[in-house]
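Biologist: Got a minute to go through this one with me? I'd like to start with the overall picture and then pick at some details.

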Amino acid sequence: MSKQCLLSCFLFFCFFIPQLSFSCPQDQRQSLLEFKNLLIHNIKDNYTAFEELGTWRPNSDCCKWLRVTCNASSPSKEVIDLNLFLLIPPGLVSSSILRPILRINSLVGLDVSFNNIQGEIPGYAFVNLTSLISLDMCCNRFNGSIPHELFSLTNLQRLDLSRNVIGGTLSGDIKELKNLQELILDENLIGGAIPSEIGSLVELLTLTLRQNMFNSSIPSSVSRLTKLKTIDLQNNFLSSKIPDDIGNLVNLSTLSLSMNKLSGGIPSSIHNLKNLETLQLENNNGLSGEIPAAWLFGLQKLKVLRLEGNNKLQWNNNGYVFPQFKLTHLSLRSCGLEGNIPDWLKNQTALVYLDLSINRLEGRFPKWLADLKIRNITLSDNRLTGSLPPNLFQRPSLYYLVLSRNNFSGQIPDTIGESQVMVLMLSENNFSGSVPKSITKIPFLKLLDLSKNRLSGEFPRFRPESYLEWLDISSNEFSGDVPAYFGGSTSMLLMSQNNFSGEFPQNFRNLSYLIRLDLHDNKISGTVASLISQLSSSVEVLSLRNNSLKGSIPEGISNLTSLKVLDLSENNLDGYLPSSLGNLTCMIKSPEPSAMTIRPYFSSYTDIPNIERLIEIESEDIFSLVVNWKNSKQVLFDRNFYLYTLLDLSKNKLHGEIPTSLGNLKSLKVLNLSNNEFSGLIPQSFGDLEKVESLDLSHNNLTGEIPKTLSKLSELNTLDLRNNKLKGRIPESPQLDRLNNPNIYANNSGICGMQIQVPCFPTQTKQPAEEKEEEDKEEEETIFSWNAAAIGCSCGFLIAVVFMSYNELWK
């Protein structure tokens, strides 16, 4: 055979045979390349995805591409699986980007989870994917409703549409998915009733509809799904009773019905669920009756038992129980427990989470409980007394300790520095003495709440490498200099209502992540300027009320671009208000959710579901803020805190005119400038404070009329203009007309208007131009009168002389 022939054969085997037998179909390769090009076009400013798709090249075998799987046993090597999870970098893309890959009708598995895809699911494109077995579209931003075309995919075994913004209802056509084993629709906006047709999915192993808007009752047809291992329907609006025949689901290992509106008792049929490991029924307002400990504690495989919260379930304190399980998680929060902490807990050696809060437990903290290797202990809102056992802090496994609102007393043990605790909340007890310096040695302490005790002395200095993020030591008897030695990640410092004195330290410069600084009701005597020059632009709340601060407010206040609450009231501030106050960015734009909301992300350390939510509930007082709102002290809670912006400079010695720039603060809810020495006019620009609800300018030296522009303030419901030198008519508007309490305008020189039932006479209502015109007219009339008198007298005199002369001649 000639060399030329051999070369031809070699080229044939090298180029033609692979194309015919060892490459994916051409049309499927083109679809994938089209998807890649669309993706590049949509995220052209971010190249992360390009690296992922670097192997996706024209004229190459797509079976060798990353994230692509072909059918190796098929001659045509068609694409059967696309694993595209976490592919698209931050930035939204449209759901239309999926159209090319949905043309690959040989797909058996498709995973596009954890991307940033928005828009409706392109249902029409799924019609031809009849081989699809697994579809995962979790963790995107799909909206609209579930397309009915998905219910025609009769081979589907797994459908995951969780963590999107899908609405509408769940159609009864779900019954067509006869082979479905997993239905996961968590964290969407799907409402209506759970269709009874769901009972037709007899192959179902997992049914999770958590955190949606499902209402009505749990359909009894669910009891036909005897292969079910997991039912998670928590955080919906389900009502009525738990189906009595729920006990038919003998393979069930997880039953989670928390945070609904279920009523009635715990069905006795649950005792048939011998494989049950997790039972969560907390926070159902209507669940009632006695907790059936007699048979409930006989479920040998039970590991997680949560019955707490807004239920009406009650523990029978008279009965003695013999648990046959080894729990890892137990919550009997607000279940009517009385007396000492139950002794049967001694044998729960596998327990890592214990919540017995909001009960009527008494006695001391037992030593045996301190010896257990529990990671998370919550005993808040009870009647526990005595001191804490030192060995409580000598266990390296303790991460989360909440003992707030009890009657514990004595000193905090010195052994506290030996612990590994990350959340320590001891507020509202009777702890006294100084805080052990060893507390600063706790390596991973992130949240420390010692508020509302009788602790005294100087507060310990934390090291720069500290992980401490949230600190509340308010309402104690601490003294000395203001504490400012914390780690670089500290974001919350609540130190109000103590005896701190002196000037501000310079260490606040190191707190670049500080969000909230609360030092109200202390004895601090420094200047505001020295503090503001140190603070980071991340500060959202600055509360220094009721101290002895002096000096003026600096122009640099505008550098605090995140500031939403500024309370400098009840101090000795003087000088003029800087016009830069009107440049506070977050008091100008519409409010957004605050970075202050606690997000500790402890789950990886504690193995506790929903640990972040639990910490939020327990720490609600930490993130509340007491302000002077509508002439009274009120508490703003964290869950709504981002809605409020406040500027309170009352009870100082500020003077001069009020800057017109304050009218820029369009999102301001409360403006209080009362009890100062301001003079001049009320700025016309105050009519632009469109969100203001409370405006207090009382006890100043303001003059002139009330600006008519205030009639634009449609949300104003508290107004105080007392004790000024205002005059003229009160402007009228639907909102101002409702503010008809005469005390609002008391002690002014000439206020009138229908709101206070004082008529405005014409002389009182003339405008300056009209008054000037009338004065000129009166002056002209006066001059004319005198001129006329002079002319009259002269003429009279001449006539008299002529008459007398004529009379003499006649004689």
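Modeller: Sure. Taking contacts in the protein with a separation of 6 or more, 52% are between residues 24 or more positions apart. Keep in mind that this is a predicted model.

Biologist: OK. How many helices and strands does the protein have?

Modeller: Twelve helices and 53 strands.

Biologist: And how much of the protein is buried?

Modeller: Buried residues are 52% of the 811. The accessible surface is about 36300 Å², and carbon and sulfur atoms make up 51% of that.

Biologist: Let's look at a sheet. What's the strand order in the open one with four strands?

Modeller: The order is β14-β16-β18-β20, and the pairing is parallel. β14 (239-241) and β20 (312-314) are the edge strands, each pairing on one side only. From one strand to the next, the twist averages 30°.

Biologist: How many bridges join β18 to β20?

Modeller: Three, with β18 covering residues 284-290. Opposite Q314 in β20 you'll find E290.

Biologist: Switching to charges. How many salt bridges are there?

Modeller: The structure has 28. One of them pairs R306 with E282, at 3.3 Å from N to O. R306 sits in strand β19 (residues 304-306) and E282 in the loop between β17 (278-280) and β18, 24 residues apart.

Biologist: Is that R306 buried or exposed?

Modeller: Buried, because its relative accessibility is 6% and the cut-off for buried is under 20%. E282 is buried too, at 4%.

Biologist: What about R383, which residue does it form a salt bridge with?

Modeller: E362, with the closest N and O atoms 3.8 Å apart. E362 is in strand β24 (residues 360-364) and R383 in strand β26, 21 residues away along the chain. Here E362 is partly exposed at 39%, and R383 is partly exposed at 41%.

Biologist: What else does R383 touch, leaving aside neighbours within four places in sequence?

Modeller: Besides E362, R383 is in contact with R360, L361, G363, N406 and N407. The C-alpha atoms of R383 and N359 are 8.3 Å apart.

Biologist: And which residue does K712 meet in a salt bridge?

Modeller: D688, at 3.3 Å from N to O. K712 is in the loop between β50 (701-705) and β51 (718-720), and D688 in the loop between β48 (677-681) and β49 (694-696), so the bridge ties together parts 24 residues apart in sequence.

Biologist: Which residues do shared salt-bridge partners join into one network?

Modeller: R163, D186, E187, R210 and D232.

Methods. Residues numbered from 1 in each chain as written. Predicted model: local features only at pLDDT ≥ 70, side-chain atom pairs only at ≥ 80, totals over all residues. Heavy atoms only, no water. Helix = DSSP H or I, 4+ residues; strand = E, 2+ residues; numbered from the N terminus. Buried < 20%, exposed > 50% of the residue type's maximum accessible area, 1.4 Å probe, protein only. Contact = heavy atoms within 4.5 Å. Areas by Shrake-Rupley, 256 points an atom, 1.4 Å probe, with all protein chains shown as cover. Pairing = 2+ DSSP bridges. Axes fitted to C-alpha atoms, helices over the stretch in contact; angles between N-to-C directions. Salt bridge = Lys/Arg side-chain N within 4 Å of Asp/Glu carboxyl O.
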